[in-house]
Amino acid sequence: MAKRIEASGVSSYYGSFKAIDGISMTVEPKTITALIGPSGCGKSTFLRSINRMHEVLPNARIEGRLTIDDQNIYDPDVDVTAVRRMIGMVFQRPNPFPTMSIYENVVAGLKLNGVKKKSVLDDAAEKSLKSANLWDEVKDRLNRPGAGLSGGQQQRLCIARTIAVEPQVVLMDEPCSALDPISTLAIEDLMFKLKDRFTIIIVTHNMQQAARVSDKTGFFSIDKTGEPGRLIEYDDTQKIFSNPTEKKTEDYITGRFG
Amino acid sequence: MGDFPSRSASTNAGGPGVTARHIRSAGNGVSPIPPDDRPPLGGGSALPRKSRFSLETGFKGLSTAAGAMVLVIIVAIAIFLISKAVPALNANDESFLTAKEWFPNETPPHFGIAALAFGTLLTSVIALLVAVPIALGIALFLSHYAPKRLATPLGFVIDLLAAVPSVVFGLWGRDVFSQPVQHFSEWLNKYFSWIPLFGGDGPFGRSILLGSLVLAIMVLPIVTSLSREVFQQTPGMNEDAALALGATKWEMIRTAVLPYGKPGVIAAVMLGLGRALGETIALALTLGTTFVISFNLIQSGGNSIAANIANTFGEANATGRGALIASGLVLFAITLVVNMAARAIIYRRREFRDSAA
């Protein structure tokens, strides 16, 4: 239920603008990897490159090689929808489908992939909502609109929707930046729980969060605006936050820069 | 949810943002730093009285009057129409609602709305059946498939189509479009005459089919541009969410775009239906002006309330005009019912739409 992600020399472009340059890293199964760095350094671009959401934007393309358990994600013969089913994504702002109920939101991905049987959908909905620590809060109102929940609940609903498809990898793009501290903590607890089943990569601006939840941390940075973002240092979280190798990393995590 | 004392204790940002200067300026009537004689905007001395007549009250009165004007106009029109219609209806020798023929100028006058109302509804419904799928296809193409370079000029052309006067559509339908429709009707009649819709022995041409197709072309731009607007407003993050779940583009549209746009599309269709029901001159020019109730689409014939008013108002006497006005009231009632039905559909899932805002 969890796979290894390997990037080697990944550069992503928006038209002629190079957003990230030559990113190489390996993410082991069933770990949490945090990507930190100042705004505009390409963390989210890299994340969106992993599940091929980058190419949704017009003129966006990538170079380099990205594999999931040694299969090339960008192989021309690979079905892009299969990649996205395998590598799920949770976004910065909670984005439940506004026209759907809580239940419909959770099973939306399954329905998209042709699951029709009510009993299967019911089971998946309950299981996913329980995994997302949301079941007890919503079990009595599954038919209410998903957008009526609080921000933190909506984000957990989105996580439930993502894991309902049973992906191998879950990407999280600043999942807590729109949430209050209590909801943030709920999501962090959830991440620990999900680590047993999924490979998790999380982009965060919150360094305490990175230090709390992740096994490994990658620090991205740019030299100046207009330059592509680079991976400065990638190591065990413990090491990054106590004894980083690079001066830039140290400056960033101690607050002297960025 | 566990305990988190250290975190909540450290969040003091956005707390009571009181600086020393704020404390001094609050209350007690002493202005803190008098820069000149002018009192600071935030006050400083006694609270001033509010002015009784200001731009504020003036504007409120103005907008209230504008709102009330609508009601006044509607009521005035209704009174006028009813007062003209009632004498004609009283003189009518037949039941107005069930009779088909229209002879209000004879003595005794006898006329009924049934055939006209039927023709109005039939042409409008067929027009929508033809136009709505095409319009939604164009709208989706413009909003989600076409490259921007193509979508902008194409959208402009569609809007241009809406600006063509209906008499132009009518003349074009009568003089140009009727030929191909006639050939098509003959072909339909030859092979499908076993379907009652396409039966009859001719002549074909100025038929319900021709009128409906011309109406469809007229309704198309309205439905298209409104639907395109609502499709374009689909939040990008919901489209991303669908794609990230492994949806293809069409599945993404089905999951995120269409449900989100549904109330808007219904509104667009209803506006189109409104135009189709009320369309006058295009149908007056393309329909065959008969007073029968028949589902035959291709035989020359057909009529509608508005087309009948346009065609016969000129030579109508007093009773005839009253009868036409009564038919106009019926059209008004039909439109009202259609609009209320549309509102009911839109409001049914209102909870979902409102919480999304």
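**Group meeting talk: a strand, its neighbours and the open spaces of a two-chain model**

Let me begin with strand β7 of chain A, residues 169–173, which is mostly covered, with five of its five residues buried. I should say at once that this is a predicted model, and that each value I quote was computed from it.

If you look along β7(A), A:V169, A:L171 and A:D173 point to one side while A:V170 and A:M172 point to the other, and all of them are buried. That fits the general rule that side chains in a regular strand alternate between the two faces of the sheet.

Which strands, then, pair with β7(A)? One is β6(A), residues 87–90, which runs parallel to β7(A) and is joined to it over four bridges; here A:I87 stands opposite A:V169. The other strand I want to mention is β8(A), residues 199–203, which is also parallel to β7(A) and is connected to it by five bridges, with A:V170 opposite A:I200. Between β7(A) and β8(A) comes helix α7(A), residues 181–194, and these three elements make a right-handed β-α-β unit.

In the loop between β7 and α7 of chain A we find A:E174, a residue other than glycine whose phi is nevertheless positive, near 45°. Is A:E174 buried or exposed? It counts as buried, because its relative accessibility is 10%, and the cut-off for that class is under 20%.

A second residue with this kind of backbone is A:K30, which is not a glycine and has a positive phi of about 55°. A:K30 sits in the loop between β2 (17–27) and β3 (32–36) of chain A, and with a relative accessible area of 44% it is partly exposed. As background, most residues other than glycine have a negative phi, and most peptide bonds are trans. On the peptide-bond side, the one to inspect is in chain B, where the bond from B:T107 to B:P108 is cis, with omega near -5°; B:P108 belongs to the loop between β1 (102–103) and β2 (110–111) of chain B.

Moving to helix α1 of chain A, residues 43–50, we again have an element that is mostly covered, since seven of its eight residues are buried. Those buried residues are A:K43, A:T45, A:F46, A:L47, A:R48, A:S49 and A:I50, so the list includes charged side chains such as A:K43 and A:R48, given that Lys and Arg count as charged. After α1(A) comes A:R52, with a positive phi near 60°.

By contrast, let me point to A:S242, which lies in helix α9(A), residues 237–242, and which counts as exposed at 53% relative accessibility. Its C-alpha atom is separated by 9.5 Å from that of A:I253, 11 residues apart along the chain.

Now the cysteines. How many disulfides does a search of the whole structure find? The result is zero over all chains, and two cysteines of chain A illustrate why. The sulfur of A:C41 has its closest cysteine sulfur in A:C176, 18 Å from it, which is too far for a bond; for A:C158 the closest cysteine sulfur is again in A:C176, at 12 Å, and that too is too far. A:C41 counts as buried at 0% relative accessibility, and A:C158 counts as buried at 2%.

Finally, the open and enclosed spaces, where both chains come in. The largest pocket has a volume of about 680 Å³, and of the 27 residues lining it, the closest to its centre are A:V56, B:S143, B:H144, B:E239 and B:K249. The elements that give two or more residues to this lining are α2 (80–86) of chain A together with α4 (114–145), α5 (148–162), α7 (208–232), α8 (236–244) and α9 (249–278) of chain B. By class, the pocket lining divides into 13 nonpolar, eight polar and six charged residues.

As for enclosed space, the count comes to one cavity of 30 Å³ or more, and the largest cavity has a volume of about 30 Å³. Which residues line the largest cavity? They are A:R84, A:R85, A:G88, A:T162, A:V165 and A:P167 from chain A, with B:A244 and B:L245 from chain B, and by class this lining has four nonpolar, two polar and two charged residues.

Key
Residues are numbered from 1 along each chain as its sequence is written. Chains are lettered from A and ligands numbered from 1 in the order in which they are written. This is a predicted model: local features need pLDDT of at least 70, side-chain atom pairs count only at pLDDT 80 or more; totals for chains, interfaces and linings use all residues. Side-chain values use heavy atoms; hydrogens and water are left out. On a 1 Å grid over the protein atoms alone, a cavity is a set of points where a 1.4 Å probe fits but cannot get out, and a pocket is an open set with protein on both sides within 12 Å along at least five of seven lines; lining residues have an atom within 4 Å of a point. Grid points are joined across faces, edges and corners, and a volume is the space filled by probe spheres set on the points. Buried means under 20% relative accessible area, exposed over 50%, partly exposed in between (1.4 Å probe, protein chains only). Two strands pair if DSSP finds at least two bridges between them. A crossover is right-handed if, with the strands pointing away from the viewer, the path from the first strand over the helix to the second runs clockwise. A disulfide is a pair of cysteine sulfur atoms within 2.5 Å.
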